[in-house]
Amino acid sequence: MLQFIKLGGSLITDKHQPRAVKADVIASLMDQIRLAREEHPDFQMILGHGSGSYGHVPAKRHNTRAGVRTSEDWQGFVEVWRQARDLNNIVLEAMHAAGLPAFAFPPSAWLQSNQGRATTWNLDPLRSALAANLIPVVNGDVVFDHSLGGTIFSTEEVFSVIAPELNPDQILLCGLEPGVWLDHPLCSKLLHRIEISSADEILAEIGEAAGIDVTGGMVEKVRLMLRLVAKLPNLQVRIFSGLQPEDLYRALCGESLGTLIYSDPANKK
């Protein structure tokens, strides 16, 4: 069973403060992943994480998502990469401390785009890592772009590139919110399921994320995942909170948490 896990930047950092990592939260999440792997030796995983208060802060300052053209823009591009890499190293070290065989695959090293759309990538090394029972780790990152010079890909966008080739069984988007709110920021109406047939109506009502997020917040997450389940009808996506001590473990083991996004009603759980 192959599962993609995304740890949201707002979950593992305080997105309102630059470079504010939540080390205790990260350690707990890694322990839950370790326990799930120990109990289910057949589980394969690709772990992704957002850039949170590391990459998003310089990305907003330099407007890197919109393109990289001047010398100053390229300095910003490098700064966003460096900050994202710093957080990536923290996550990798936490994984190793938990006994997880993590191996980094930063998208800037294997993915290129044109006008913000992925055009070329190489997943052969990532496949080899999975075959060796390692855990490939990707992250929100800068990428080189043929038209824009450079831009930023969120973890969800990276998943959207690799999922059609690797066919995961489920994608777990683990963040702060318990699911997708229909009335953010009031947060009184939680959606338990989003079927592709109701996509347009739902997207029109979902609010934006709080804090700094240069890649579109919750609306864009849901939009990308709906496109993905349209391509992969057997795929299920769950959006849920990782704040409770065992929720990531429970989701990995198949429990129904948060908001389920799906295409084929026969596959919902």
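## Ground rules

Helices here are DSSP runs of H or I with at least four residues, strands are E runs of at least two, and both are numbered from the N terminus. The model is a predicted one, so to speak: local features need pLDDT of at least 70, side-chain atom pairs count only at pLDDT 80 or more, and totals for chains, interfaces and linings use all residues. Residues are numbered from 1 along each chain as its sequence is written, and side-chain values use heavy atoms, with hydrogens and water left out.

## Salt bridges

Let's start with the charged pairs. A salt bridge here is a side-chain nitrogen of Lys or Arg within 4 Å of a carboxyl oxygen of Asp or Glu, and the count comes to twelve. One of them joins Arg82 to Asp86, with the closest N and O atoms 3.4 Å apart. Those two sit four residues apart in helix H4 (residues 71-97), which means about one helical turn separates them. Both partners are partly exposed, a label for anything between buried (under 20% relative accessible area) and exposed (over 50%), using a 1.4 Å probe and protein chains only: Arg82 comes in at 36% and Asp86 at 22%. The pair also belongs to a salt-bridge network that links Arg19, Glu79, Arg82 and Asp86.

Helix H2 (residues 23-39) has a pair with the four-residue spacing too, Arg34 and Glu38, about one turn of the helix apart. Their closest N and O atoms are 3.2 Å from each other. Arg34 is partly exposed at 27%, while Glu38 is exposed at 52%. Then there's Glu255 with Arg250, where the closest N and O atoms are 3.0 Å apart; Glu255 is partly exposed at 38%, and so is Arg250 at 26%.

## Cysteines

No luck if you're hunting for disulfides (cysteine sulfur pairs within 2.5 Å): the count is zero. Cys174 can't manage one because the closest cysteine sulfur, in Cys253, is 13 Å away, too far for a bond. As for their surroundings, Cys174 is buried, with a relative accessible area of 1%, whereas Cys253 is partly exposed at 29%.

## Around Leu203

Leu203 is part of helix H7 (residues 199-205), and with a relative accessible area of 16% this leucine counts as buried. Leaving aside residues up to four places away in sequence, Leu203 touches Val219, Val222, Arg223 and Leu226, where a contact means heavy atoms within 4.5 Å. Leu182 lies 21 residues from Leu203 in sequence, and their C-alpha atoms are 9.0 Å apart in space.
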